[in-house]
Amino acid sequence: MNFKMFTASRIRLLAVTCAALFMAMLDNLVLGVALPSIQKSFQASVTDLQWFMNAYTLAFSVLLIPFSVLGDRFGRKRMFLTGVVLFTLGSALSGLSDSSIQLICSRALQGVGGAAIVPLSLTLVHSAFPEKMRAAALGIWSGISGLGLSVGPLVGGLIIEGAPWQLIFWVNVPVGVLALVLGGMWLQEAKGENKPVDPVGILLLGMGLFGVVFGLEHGNQDGWGSMTVVGSLISGVLLLGFFYLWERTRKQPFVRFHFFRNGKYSALIFAGFWMNAGIFGSIFLLTLFLQQAQGYSALEAGVREMVWTGCTMIAAPLAGLAVSKIGGRTVLSIGMLFQTLALLGFGALIFWEGADVPFGYIAPFMMLAGTGMGLSFTPLAHGILSSVPAQSSGEASGVSNATRELGGVFGIAIGGLIFESGSVIQTPTDFGDHVVPALLASSAMIALGLISILLFARSRAKAQREMEQPVVSSTEITA
């Protein structure tokens, strides 16, 4: 591997895209520990608190694919910087909010910006590096992404310990302004396929994803049999079905479903969904376990979770180097195996030792899970983008990120459902009894993704040739 390919311009690109990426991923979870302070400040209802979190997630999930495809058409740099502007503006408005409705709207604006930042930062990094260095660069991208998502509760706890909750949002503003200014100077424009804008397809896809994500997020709270949840899920699935039928009628579809004829592409998308379902469902439960069963404060729990996230940050760049040496399929399989075994071990440990198990016993399993996450992110991203034509990498990035986001929401919902089923939780022992089956379910989800990699993650030559056929009006330019 020739590290001289990490030229000054490419290092600058990584710095800008990863700074914005970290900011966007951090705000997925950073607000959680501040909710009690915000509730007191606004006299907010429980519903308001839920929408402070959900407004970001819903906007983010729904717009990942549209922004990715629009980036291919109108320019990835242009849409990425648009996302930075929207996210920074949303952060400032969140910090200035003096009512629940203002904060909810501002959080949604943050989610809109994040939906442009995350997939287009990946596409910009992928297109800027030659094949020999691409996996290493994506390893750095993956490490920053995982770190931002994982340290959100810790950063929020540190801020809340000694400052007003508004500072959680204001810290984004200088980062966003710097990323905007430097991105305008350092990033080069790149476009993919010049597909026509499809308002009907965007509307069907957005409304369908909104219905599914909304239903999953509210299932445990409102009851899975409630009209709101059932209606949301059914309408979401129906709208996604209509989106599929609509796309089949178009000469240049918004999302090319024929990419799924490639076994590698399909298996990696499937694996990403199940990995996020299992790992984020378990992280959610781990946070509750450390605080509610073992009595740690939010900040103390966040510090202990750094055992997990620290390993993720270290392993992700190393995975990029390993992909070049032994292949992405092998690295990904090892990473997902580590995660599966870690959650199995964690569940078994609580089953045998009880909820008061010393943290020193838990830490090795957290390290194994964090290492597995770091080893998985890079080959997933690299494999998906390399299995489609270069001019369609934005679309592939959007589909990948959207399905993984959907997987995370699904995993938290299912983990919460299993955790809350059965008897009422009154003691730490009860908590331990409930968390074990939920952890086993999370482990099984990751195992499903691992099986798909082992059995199906090989490109079919015929499908690959079909995907690489010239596409009308497609371009790949650098300005």
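This is a conversation about how domain 1 and domain 3 meet in a predicted model.

Trainee: Which parts is the chain divided into?

Mentor: The chain is divided into domain 1 (9-186), domain 2 (199-251) and domain 3 (253-458), and the C-alpha centres of domain 1 and domain 3 lie 21 Å apart.

Trainee: How do you know that domain 1 and domain 3 are in contact, and how many residues take part?

Mentor: Contact requires heavy atoms within 4.5 Å, and 37 residues from domain 1 and 35 residues from domain 3 take part in it.

Trainee: What area is buried between domain 1 and domain 3?

Mentor: Buried area is the accessible area that two parts lose on being put together, summed over both, and for domain 1 and domain 3 that comes to about 3000 Å², with carbon and sulfur atoms giving 74% of it. On the domain 1 side, I65, A135 and L154 supply 17% of the area buried against domain 3, more than any other three residues.

Trainee: What makes a pair count as a salt bridge, and how many does the rule find across this interface?

Mentor: A side-chain nitrogen of Lys or Arg must be within 4 Å of a carboxyl oxygen of Asp or Glu, and the rule finds zero salt bridges across the interface of domain 1 and domain 3. For polar contact, however, the rule finds seven residue pairs there, both residues being at pLDDT 80 or more.

Trainee: Which element gives the largest share of the side of domain 1 that touches domain 3?

Mentor: That is α6, with 15 residues. By class, this side of domain 1 has 19 nonpolar, twelve polar and six charged residues.

Technical notes:
Residues are numbered from 1 along each chain as its sequence is written. This is a predicted model: local features need pLDDT of at least 70, side-chain atom pairs count only at pLDDT 80 or more; totals for chains, interfaces and linings use all residues. Side-chain values use heavy atoms; hydrogens and water are left out. Domain bounds come from an automatic or database domain assignment. Buried area is the accessible area (1.4 Å probe) that two parts lose on being put together, summed over both. A polar contact is a pair of N or O atoms within 3.5 Å; within protein, one must be able to donate a hydrogen and the other to accept it, and residues adjacent in sequence count only if both atoms are side-chain atoms. Helices (H or I, at least four residues) and strands (E, at least two) are DSSP runs, numbered from the N terminus. Ala, Val, Leu, Ile, Met, Phe, Trp, Tyr, Cys and Pro count as nonpolar, Asp, Glu, Lys and Arg as charged, and the others, Gly among them, as polar.
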